[in-house]
Amino acid sequence: MTQQGSAPKFVLYSRSWCHLCADMLAALRALEPPGQPFDVAVLDVDADPALVARFDELVPVLYGDPAQPELCHYFLDEAAVRSYLAQHTS
């Protein structure tokens, strides 16, 4: 669970040249409350052969907790993100 006062954390598996990846990050950022940015780790799958093998053409892929199932891929699932936020913020 996210501690009170700390930003919600997300992991976005992405590619630098991917317009869908940029769109998903922008859509996620649009859900941030004013003055309370999310902590988003953007990981370039092309930087790691294991990530390419795992995600390749599936990017962008968004996780709240990488140990849990993905929240969405290709396009932001706003309902899934809001559900994650409701469960993981104080």
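The exercises below concern aromatic pairs and one buried serine in a predicted model.

**Exercise 1.** Determine how the rings of tyrosine 13 and phenylalanine 55 are arranged, and where the two residues lie.

*Solution.* A search of the whole structure yields five aromatic pairs. One of them joins tyrosine 13 and phenylalanine 55, with 4.3 Å centre to centre and 25° between the planes. Planes under 30 degrees apart count as stacked, and the pair is therefore classed as stacked. Tyrosine 13 belongs to strand 1 (residues 9–14), whereas phenylalanine 55 belongs to helix 2 (residues 49–55). With these positions 42 residues apart, the pair links distant parts of the chain. Both tyrosine 13 and phenylalanine 55 are buried.

**Exercise 2.** Classify the ring pair of tyrosine 13 and tyrosine 63, and locate its two members.

*Solution.* The ring centres are 5.7 Å apart and the planes make an angle of 85°. Since planes over 60 degrees apart count as edge-to-face, this pair is edge-to-face. Tyrosine 13 is in strand 1 and tyrosine 63 is in strand 3 (residues 61–63), 50 residues apart, and this pair too links distant parts of the chain. Tyrosine 13 and tyrosine 63 are both buried.

**Exercise 3.** Identify the residues that ring pairs link into a cluster.

*Solution.* The cluster consists of Phe10, Phe38 and Tyr84.

**Exercise 4.** Decide whether serine 14 is buried or exposed, and list its contacts beyond four places in sequence.

*Solution.* Serine 14 is located in strand 1. Its relative accessibility is 7%, so serine 14 counts as buried. Once neighbours within four places in sequence are set aside, serine 14 contacts Cys21, Val42, Leu43, Asp44, Val45 and Val59.

How values were computed
Residues numbered from 1 in each chain as written. Predicted model: local features only at pLDDT ≥ 70, side-chain atom pairs only at ≥ 80, totals over all residues. Heavy atoms only, no water. Phe/Tyr/Trp six-rings, centres within 6.5 Å; stacked < 30°, edge-to-face > 60°. Helix = DSSP H or I, 4+ residues; strand = E, 2+ residues; numbered from the N terminus. Buried < 20%, exposed > 50% of the residue type's maximum accessible area, 1.4 Å probe, protein only. Contact = heavy atoms within 4.5 Å.
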